[in-house]
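Visitor: Could you walk me through this structure? I'd like to hear about the pockets and the ligand.

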Amino acid sequence: MKGTYRILIGITGGIAAYKVPHLIRLLKKKGAEVKVVITKGARGLVGEETLRTVSGNPVYSDDLSLYDMDHIRLSEWADLFLICPSTANTIAKIAHGIADNLLSTLALSIPETKLMLSPAMNTVMWENQATRNNIQTLKDRGISVLPVGSGELACGVCGEGRMIEPEQIAEVAISFLGKSDILKGKKVLISSGPTEEPLDPVRVITNRSSGKMGAALARQAMLMGADVTFVSGRACHSLPSGVKVIDVVTAEQMQTALCEHFKTADICVMAAAVSDYRPVNYFSDKIQRNENGNITIELTPNPDILAGLGKVKGNRFLVGFSLESSAGVQRAIAKMEKKGCDMIIYNRAETSLGLSTNRVTILGKDGFCEELPVLSKDETARIILQRIAERLIGAHA
Ligand code: CTP
């Protein structure tokens, strides 16, 4: 663990703001240095003098006379910007890039992988579709959004929406910071999404991969401090700034990009769903309907990119995915050996393809086998990368 973690706490106008001085104490006990930024709405809910005293630092707000550094310097200072409580309004502003006070300006100027929000609001607001969408947007961008608790709310009703307790927030914040160094200095190359093989100017052969697993791996690798290159087929992905994205279309383009970046990589994870075949002929004019019956398209095999990388892998840690449509751990293990991988992630089409969750088994060439439950793709990615990091540390110990 590195020396002192620098945590910037952002307080917005939720009644749970009164719990923040206790949270600051807990974080300081765990060795963190804490600074506080507060919105106008929160100023009546928690004493600024208390915050100043427990944090041992000035409290920053929209009141210009309280600034002693600009927002850029404050965001550069922080290892983590923890917004708690985070109101529905602030969540919406961050989701849409609105910077209309010091706190939301800071949220926009700090790398998103350093952002963590602990929401607190009334149950109806928590369940509102706009809030659900905003939270999903934040999660897709790699921002940590903590769960809410349920119980009695300030408005008198019982339900979901309470800020979780300061003890839990402190625990998560410190372990988040502790984890973020685990892949520091490592170059991680990730392939993702489907490939497309053109038949004619309007038609392609492709598959149903959404690219969500690859994007989750990229986000989590960034959170762990890695230098991430992301080679992606056509897929919608929201990635934190800082990930180097290389867009490709066909399997051959993907192979060229991966071979180039593999040279300098420490870890390569092939999460892409590569087309095994491509049409022998590309028709430069749109293929016309054959009024007389069937047409035949001849396909030729694409290169097996992973197997090719396995042959030149050297000391790099190479991970493949094995998507099977029926139970097939043995097939996945055979694939790992055949393609020269150190690890293979076995999953089933019905519990992964296009979904936001995944259910995988991590298999290592050292005999390691870990069956994970159904988890979000981000959580699955985090565990996969942690297992990779443990093996790398083991190899150099
Ligand atoms: N893969 C690859 N190049 C290909 C096909 C697959 O690099 N032409 C990679 C995938 O990215 C994945 C792994 O190989 O990491 C396994 O892919 P999968 O489609 O499950 O297996 P296949 O190699 O296609 O084997 P099979 O068709 O026998 O299932």
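Guide: Let me begin with a detail of the backbone, keeping in mind that this is a predicted model: P85 is found in strand β4, which covers residues 80-86.

Visitor: What is the peptide bond from C84 to P85 like, cis or trans?

Guide: The bond from C84 to P85 is cis, and its omega is near -10°. As background, most peptide bonds are trans.

Visitor: Okay, pockets now. How much space lies in the largest pocket?

Guide: The largest pocket holds about 960 Å³ of space. Its lining is made up of 36 residues, and those that lie nearest the centre of the pocket are A272, A273, V274, F321 and L323.

Visitor: Which elements supply at least two residues of that lining?

Guide: For the largest pocket, at least two lining residues each are supplied by α9 (212-223), α11 (305-311), β17 (317-324) and α12 (329-338). The largest share is that of α12, which provides four residues of this lining.

Visitor: And by class, what does the lining of the largest pocket have?

Guide: Sorted by class, the lining of the largest pocket has 14 nonpolar and 13 polar residues, together with nine charged ones.

Visitor: What volume does the second largest pocket have, and which residues lie nearest its centre?

Guide: The volume of the second largest pocket is about 840 Å³. This pocket is lined by 32 residues, with K139, Q220, S376, D378 and E379 nearest its centre. Two or more lining residues come from each of α7 (129-140), β6 (144-145), α8 (166-179), α9 and α13 (377-396).

Visitor: Which of those gives the most?

Guide: That is α9, which gives six residues to the lining of the second largest pocket. By class, this lining has 12 nonpolar, 11 polar and nine charged residues.

Visitor: Where does that lining sit in terms of domains?

Guide: Both domain 1 (5-177) and domain 2 (187-395) contribute, since at least three residues of the lining of the second largest pocket are drawn from each.

Visitor: Switching to the ligand, how many residues surround it?

Guide: The ligand is surrounded by 15 residues, of which the closest are A272, D276, L306, F321 and K339. A272 and F321 also appear among the residues nearest the centre of the largest pocket.

Visitor: What lies opposite the oxygen atoms of the ligand?

Guide: In the side chain of D276, an N or O atom is 2.8 Å from a ligand oxygen. Backbone N or O atoms of L306 and F321 also approach ligand oxygen atoms, at 2.7 Å for L306 and 2.9 Å for F321. The ligand taken alone exposes 570 Å², and 80% of that is buried by the protein.

Key:
Residues are numbered from 1 along each chain as its sequence is written. This is a predicted model: local features need pLDDT of at least 70, side-chain atom pairs count only at pLDDT 80 or more; totals for chains, interfaces and linings use all residues. Side-chain values use heavy atoms; hydrogens and water are left out. On a 1 Å grid over the protein atoms alone, a cavity is a set of points where a 1.4 Å probe fits but cannot get out, and a pocket is an open set with protein on both sides within 12 Å along at least five of seven lines; lining residues have an atom within 4 Å of a point. Grid points are joined across faces, edges and corners, and a volume is the space filled by probe spheres set on the points. Ala, Val, Leu, Ile, Met, Phe, Trp, Tyr, Cys and Pro count as nonpolar, Asp, Glu, Lys and Arg as charged, and the others, Gly among them, as polar. Domain bounds come from an automatic or database domain assignment. A residue is near a molecule or strand if one of its heavy atoms lies within 4 Å of it. A polar contact is a pair of N or O atoms within 3.5 Å; within protein, one must be able to donate a hydrogen and the other to accept it, and residues adjacent in sequence count only if both atoms are side-chain atoms. Accessible areas come from the Shrake-Rupley method with a 1.4 Å probe; for residues, only the protein chains shown count as cover.
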